[in-house]
Amino acid sequence: MPRPFRFGVNLLSPTSGGEWRAKCRRAEQLGYDVILVPDHLGMPAPFPSLVAAAEATERPRLGTFVLNAGFWNPTLLAREVATTDALTGGRLELGLGTGYVEAEHETAGLPWGSPGERVDHLLRTVEELHRLLGSADYQPRPAQRPRVPLLIGANGDRMLRLTAEHADIAAFTGARTVAGGKLEPLTAEELDERVGRYQEFAAGRKEPAELNLLIQIVELTEDRAAAVRPWLGHLPNLTEEQVLQLPLVLVGTLDEIVAQVLSQRERYGFSYLTVLEPNMEIFAKVIEALQGR
């Protein structure tokens, strides 16, 4: 049996407290299972935002999507994770990644390092969190046992191996990082290869991980080609047909999008889908259509 769907929304825009709580309540009303917050300068601070989200809602899980490990000292991060899990009643899901925007590190006065050094730091962070939060004597005490669920965002081989070894949720952006901290989409075939590579690394797991995909574009339309044409200038290496085939692009009628989501769960194993805040309302129609599927 396929794993049941879960749906998350990554909330990007800073607001007042009242507006933030209203936005989180709206996400809950629309049927989202997880309310998520990124870790970029200029966007909401993750942990206080999630505590406020918990106060405004009852059902959704709450996650970071994803923390830039380079921003964090592992020991101090453990305190943030434990406190947030306690204050949210055990609803936290911790998402971690290496970070991909060098300019943010420069602004924060933090070292950027090589790709290998960033992966090294992420691994040390994961190991230290496991050590500290897994201790019966650790204070503050997180609500969830044996640990807060861990999501890791990955694409390269070393990160996929780390994800297979440590993460409860394997997150795929469906893109690679290129010069300047920009993301370049993977074709459907390239994503096949990356997911297959992850599955090779994960072959010895006791329990399979949940697989997540970040959806970048959602549009309900009867003219799929016209809907993606404005994006072609941002994707100069791809044809119109290739853009329409990208797994992170959901464009078409409601029936077409539902069929694509079901097909991608069968093809790749993606049962946990995340959309960005601007797509929160429109994707809710997809969530409703997929109930019980």
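**Reading the calls in this model**

Guide: In this predicted model, P140 sits in the loop between helix 5 and strand 6 (150–153).

Visitor: What is the peptide bond from Q139 to P140, cis or trans?

Guide: The bond from Q139 to P140 is cis, with omega near 0°. A second cis bond joins F65 and V66. Its omega is about -15°. V66 belongs to the loop between strand 3 and strand 4 (67–68). Most peptide bonds are trans.

Visitor: Why is T57 called buried?

Guide: The cut-off for buried is under 20% relative accessible area. T57 has 6%, so it counts as buried. T57 is in the loop between helix 2 (46–56) and strand 3 (61–64).

Visitor: What makes the pairing of T57 with A53 a polar contact?

Guide: A polar atom of the T57 side chain lies 2.8 Å from the backbone oxygen of A53. The limit for such a contact is 3.5 Å, so the pair falls within it. Setting aside neighbours within four places in sequence, T57 also contacts C24, R25, E28, I35 and R91.

Visitor: How do you know that A69 is buried?

Guide: A69 has 1% relative accessibility, and the limit is under 20%, so A69 is buried. A69 lies in the loop between strand 4 and helix 3 (74–87). Beyond four places in sequence, A69 touches G97, H121, L122 and T125. A69 and L122 are 53 residues apart along the chain, yet their C-alpha atoms are separated by 5.7 Å.

Visitor: Why is strand 10 called mostly covered?

Guide: Strand 10 spans residues 210–215, and 6 of its 6 residues are buried. E210, N212 and L214 point one way. L211, L213 and I215 point the other way. In a regular strand the side chains alternate between the two faces of the sheet.

Visitor: How do you know that strand 10 pairs with strand 7?

Guide: Pairing needs at least two bridges, and 4 join strand 7 (residues 169–172) to strand 10, so the two strands pair. They run parallel. F172 stands opposite L213.

Visitor: How many bridges join strand 10 to strand 13?

Guide: There are 5 bridges between strand 10 and strand 13 (residues 270–276), and these strands run parallel too. Here L213 stands opposite L273.

Visitor: Why does S271 count as buried?

Guide: S271 has 0% relative accessibility, under the 20% limit, so it is buried. S271 is part of strand 13. Beyond four places in sequence, S271 contacts R3, P4, F5, R6, E210, L211 and R265.

Visitor: How do you know that the length of helix 7 agrees with what it should span?

Guide: Helix 7 (residues 188–201) has 14 residues, and at 1.5 Å a residue it should span 20 Å. Its end C-alpha atoms are 20 Å apart, so the two values agree. A188, L191, R194, V195, Y198 and F201 are its buried residues.

Visitor: What puts them on the same side of helix 7?

Guide: They cover an arc of only 140° around the axis, and therefore share one side of helix 7. The exposed residues E189 and E200 are on the face turned away from that side. The buried residues pack against helix 6 (157–166), strand 7, strand 10, helix 10 (254–268) and strand 13.

Visitor: Which residues touch the most other members of the largest nonpolar core?

Guide: That core holds 72 residues. Y32, L94, L96, F172, Y198, F270 and F283 touch the most other members. Helix 5 (residues 115–133) gives the most to this core, with 6 residues. Another core, of 11 residues, lies apart from it. I217, V243, L244 and V249 are among the members of that other core. In soluble globular proteins, nonpolar side chains tend to be buried together.

Visitor: Which residues of helix 11 are buried?

Guide: In helix 11 (residues 280–289), the buried residues are M280, F283, A284, V286 and I287. They fall within an arc of 160° seen down the axis, so they line one face of the helix.

Visitor: What covers the buried residues of helix 11?

Guide: The cover includes strand 1 (6–10), helix 1 (17–29), strand 11 (217–220), strand 12 (249–252), helix 10 and strand 13. F283 itself touches F7, Y32, V218, L250, L273 and V275, leaving out residues up to four places away in sequence.

Technical notes:
Residues are numbered from 1 along each chain as its sequence is written. This is a predicted model: local features need pLDDT of at least 70, side-chain atom pairs count only at pLDDT 80 or more; totals for chains, interfaces and linings use all residues. Side-chain values use heavy atoms; hydrogens and water are left out. Buried means under 20% relative accessible area, exposed over 50%, partly exposed in between (1.4 Å probe, protein chains only). A polar contact is a pair of N or O atoms within 3.5 Å; within protein, one must be able to donate a hydrogen and the other to accept it, and residues adjacent in sequence count only if both atoms are side-chain atoms. Contact means heavy atoms within 4.5 Å. The expected span of a helix is 1.5 Å times one less than its number of residues. The arc is that of the directions from the helix axis to the C-beta atoms. A nonpolar core is a set of buried Ala, Val, Leu, Ile, Met, Phe, Trp, Tyr and Cys residues joined through side-chain atoms within 4.5 Å.
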